[in-house]
Amino acid sequence: MVRRLLKGGHQCAVFDKSAKAVAQLVKEKAVGAASLPEFVKSLTEPRAIWLMVPVGVVDKTITDLLPISSAAIC
């Protein structure tokens, strides 16, 4: 999805537990982050976060994001 958005001229910030996945997208002009707080700080307000994680970690990821962001989590 990020690749498609970047090709469409959008700016994207990315975070993944896999540093390799982040590094690959940074090579393609995404803004990479090494942690969720760093990811949130890289976003300009108003913030919108597109969350794509395995179903088993959705609740934990949202719980981790809420205190560090004022984003609209969809």
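**Opening question.** Leaving aside its neighbours within four places in sequence, which residues is A33 in contact with? In this predicted model, A33 is in contact with V14, F15, V22, E38 and F39. The exercises below build on this starting point.

**Exercise 1. Describe the overall fold and dimensions of the protein.**

Solution.
- Step 1: Count the elements of secondary structure. There are four helices and four strands.
- Step 2: Read these elements along the sequence. The pattern is α-β-α-β-α-β-α-β.
- Step 3: Compare the radius of gyration with the globule rule. The protein has a value of 12 Å, and the rule gives 11 Å for 74 residues; the two are close, so the protein is as compact as a globular protein of that length.
- Step 4: Consider the box that the C-alpha atoms fill. Along the principal axes, this box is roughly 30 × 25 × 20 Å.

**Exercise 2. Characterise the surface, the charges and the contacts of the protein as a whole.**

Solution.
- Step 1: Take the accessible surface, which comes to about 5500 Å². Carbon and sulfur atoms account for 59% of that surface.
- Step 2: Take the buried residues, which make up 24% of the 74 residues.
- Step 3: Count the charged side chains. There are 10 positive and 6 negative ones, and the centres of the two sets lie 8 Å apart.
- Step 4: Examine the contacts between residues at least 6 apart in sequence. Of these contacts, 31% join residues at least 24 apart.

**Exercise 3. Identify the residues of the largest nonpolar core and state which helix contributes the largest share.**

Solution.
- Step 1: List the members. The largest nonpolar core has eight residues, namely A33, L36, F39, V40, L43, I49, L51 and L65.
- Step 2: Assign the largest share. Three residues of this core come from helix α3, which spans residues 36–41.
- Step 3: Look for a further core. A second, separate core has six residues, including C12, V14, V22 and L25.
- Step 4: Return to A33, a member of the largest core. The contacts of A33 include V14 and V22, and both of these residues belong to the second core.

**Exercise 4. Decide whether T61, V53 and I62 are buried or partly exposed, and describe their surroundings.**

Solution.
- Step 1: Locate the residues. T61 is in helix α4 (residues 58–65), and I62 lies in helix α4 as well. V53 lies in the loop between β3 and α4.
- Step 2: Apply the cut-off to T61. The relative accessible area of T61 is 14%, and buried means under 20%, so T61 is buried.
- Step 3: Classify the other two. V53 is partly exposed at 31% relative accessible area, and I62 is partly exposed at 25%.
- Step 4: Find the contacts, not counting residues up to four places away in sequence. T61 touches L51 and V53, while V53 touches V58 and T61.
- Step 5: Read the C-alpha separations. I62 and L51, eleven residues apart along the chain, are separated by 8.6 Å. V53 and D16, 37 residues apart along the chain, are separated by 9.3 Å.

**Exercise 5. Determine whether S69 is buried or exposed, and name the residues with which S69 is in contact.**

Solution.
- Step 1: Locate S69, which lies in the loop between α4 and β4 (72–73).
- Step 2: Use the relative accessible area. The value for S69 is 15%, and S69 is buried.
- Step 3: Leave aside neighbours within four places in sequence. S69 is then in contact with V40, R47 and I49.
- Step 4: Relate these contacts to the core. V40 and I49 are among the residues of the largest nonpolar core.

**Exercise 6. Examine the backbone at the bond joining E45 and P46, and at K29.**

Solution.
- Step 1: Recall the usual case. Most residues other than glycine have a negative phi, and most peptide bonds are trans.
- Step 2: Inspect the bond between E45 and P46. This peptide bond is cis, with omega about 0°. P46 is in the loop between α3 and β3 (48–49).
- Step 3: Inspect K29. Its phi is near 90°, a positive value in a residue other than glycine.
- Step 4: Place K29 in the structure. K29 lies in the loop between α2 (19–27) and β2 (31–33), and at 71% relative accessibility K29 counts as exposed.

How values were computed:
Residues are numbered from 1 along each chain as its sequence is written. This is a predicted model: local features need pLDDT of at least 70, side-chain atom pairs count only at pLDDT 80 or more; totals for chains, interfaces and linings use all residues. Side-chain values use heavy atoms; hydrogens and water are left out. Helices (H or I, at least four residues) and strands (E, at least two) are DSSP runs, numbered from the N terminus. The radius of gyration is taken over C-alpha atoms; the globule rule is 2.2 Å times the number of residues to the power 0.38. Buried means under 20% relative accessible area, exposed over 50%, partly exposed in between (1.4 Å probe, protein chains only). Contact means heavy atoms within 4.5 Å. Accessible areas come from the Shrake-Rupley method with a 1.4 Å probe; for residues, only the protein chains shown count as cover. Lys and Arg count as positive and Asp and Glu as negative; His and the chain ends are not counted. The place of a charge is taken as NZ of Lys, CZ of Arg, CG of Asp or CD of Glu. A nonpolar core is a set of buried Ala, Val, Leu, Ile, Met, Phe, Trp, Tyr and Cys residues joined through side-chain atoms within 4.5 Å.
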